[in-house]
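Biologist: Can you walk me through this one, starting with what you count as a contact? I'd like to see the picture while we talk.

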There are 2 protein chains.
Amino acid sequence: MDILHKKILEHGHVLPGNVLKVDSFLNHQIDPELMLAIGKEFATRFKDAGITKVLTLESSGIAPSVMAGLELGVPVVFARKRKSLTLVENLYTATVYSYTKQTSNDISISKDYIGENDVVLVIDDFLANGQAALGLASLTEQTGATLAGIGIVIEKGFQDGGQLLKERGYRIESLAVIDSLENETVTLRTEEVK
Amino acid sequence: MDILHKKILEHGHVLPGNVLKVDSFLNHQIDPELMLAIGKEFATRFKDAGITKVLTLESSGIAPSVMAGLELGVPVVFARKRKSLTLVENLYTATVYSYTKQTSNDISISKDYIGENDVVLVIDDFLANGQAALGLASLTEQTGATLAGIGIVIEKGFQDGGQLLKERGYRIESLAVIDSLENETVTLRTEEVK
């Protein structure tokens, strides 16, 4: 996706520890035009999948998801992160382990908004180890809905999340795949990955 | 704003303690078409204000803000909530007291994305006691930027946040004002409030 590639190369910053900082257009400051383009691209890739809901995770997943929902004409549900869940009566919950922070967090959605007749597109901003995407997939499966696929804005192709998700049989659509952040340089995968 | 009024009356739920639950279209599940309409309405109301940035608070403020940013053609910055701030070097920070939870939380933005030449539109999903809006106004003032006004999706007109913000001289634009949640019934203010 050219506009996204260009933005990453021009405005992404590589920090020590293979961290790509995209705070200027995705994770803290948000570029709404770029989000619209991203939403349109997800909608195009999943246009024949019969999507009825988009599911994402707060906070950085919300902007691209709302644009995808707008284009697909379907509602968006965002899972909430909670340190500990005291009230779990009407919730589906999954535990997400963060390798970066070495902590586990629960994520949850209400039982009210996704059901067994839904076809769900999961969207997240980043894919690295795949733990957040697995959590969102688990929430989808708990609802009884069909998981049509997982849309990712930026995949770190040198980490194992993409492989892990594919091995589980999930369809992954990453709009940008980073092959390396070595030498503080972003190397993007340029071939189309199908 | 008719479409928003209709949505609140049809899909809002009143819970004990004067809580209005709008989880089905704003706070958990999001209606993207409604968000677009809300964004357009904010953009219309502030079209002559010379807005250069929209500032909001994660997570429920993001969807309406991204649509407002799209319509105004400006970036959106979302403040993050953090229990305690260990790394504050490049951040502006404000403390927000929650009367509901009786706790204080810090909210923060990077120093990189809003500066003294910016004209900021603050947007939030709810206005009750006004503490979150005051926090966002404080962040804006710390940057040296001009605060053009505060756009609110739903104002609880029977709580004192609106009055508090007006007394401080801020321009407030609330797209729906709730006059009462007594008897588990939503009473919306129907006259146009200028």
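Modeller: Sure. Two residues are in contact if their C-beta atoms, placed from the backbone, lie within 7 Å. Keep in mind that this is a predicted model.

Biologist: With that in mind, which residues is B:Lys53 in contact with, leaving aside its neighbours within four places in sequence?
Modeller: Start with where B:Lys53 sits: strand S4 of chain B, residues 53-57. Then skip the neighbours within four places in sequence, and the contacts of B:Lys53 are B:Val74, B:Pro75, B:Val77, B:Ile114, B:Asp118 and B:Val120.

Biologist: Is B:Lys53 buried or exposed?
Modeller: Here we need a cut-off: 20 or more other C-beta atoms within 10 Å makes a residue buried. B:Lys53 has 23 of them within 10 Å, so it counts as buried.

Biologist: How far apart are the C-alpha atoms of B:Lys53 and B:Val77?
Modeller: B:Val77 is one of the contacts of B:Lys53. Along the chain the two are 24 residues apart, yet their C-alpha atoms are separated by 7.3 Å.

Biologist: How many residues of helix H3 of chain B are buried?
Modeller: H3(B) covers residues 62-72 and is mostly covered. Among its buried residues are B:Pro64, B:Met67 and B:Glu71. Just after H3(B) comes B:Gly73, with a positive phi near 70 degrees. As for the helix itself, the buried count is 11 of 11.

Biologist: Now the two chains together. What kind of axis relates chain A and chain B?
Modeller: Rotate by 180 degrees, with 0.0 Å of shift along the axis, and chain A superposes on chain B with an RMSD of 0.0 Å. That's the relation of a two-fold axis.

Biologist: And which residue of chain A comes closest to that rotation axis?
Modeller: Go by C-alpha atoms and look for the one at 2.7 Å from the axis. That residue is A:Ser59.

Biologist: Which element gives the largest share of the side of chain A that touches chain B?
Modeller: In all, 23 residues of chain A are in contact with 23 residues of chain B. Strand S3, helix H2, helix H3 and strand S5 of chain A each give two or more residues to that side. The largest share, 5 residues, comes from H3(A).

Biologist: Why do you say the copies meet through the same surface?
Modeller: Check whether the interface residues of chain A turn up in the interface of chain B too. They do, so the copies meet through the same surface, and the share is 100%.

Biologist: Last one: which residue stands opposite A:Val76?
Modeller: S5(A) pairs with strand S3 of chain B in the antiparallel sense, over 2 bridges. In S3(B), the residue opposite A:Val76 is B:Ile30.

How values were computed:
Residues are numbered from 1 along each chain as its sequence is written. Chains are lettered from A and ligands numbered from 1 in the order in which they are written. This is a predicted model: local features need pLDDT of at least 70, side-chain atom pairs count only at pLDDT 80 or more; totals for chains, interfaces and linings use all residues. Copies are superposed by least squares on the C-alpha atoms of residues with pLDDT of at least 70 in both. Helices (H or I, at least four residues) and strands (E, at least two) are DSSP runs, numbered from the N terminus. A residue is buried if 20 or more other C-beta atoms lie within 10 Å of its own, exposed if 12 or fewer, and partly exposed in between; C-beta atoms are placed from the backbone. Two strands pair if DSSP finds at least two bridges between them.
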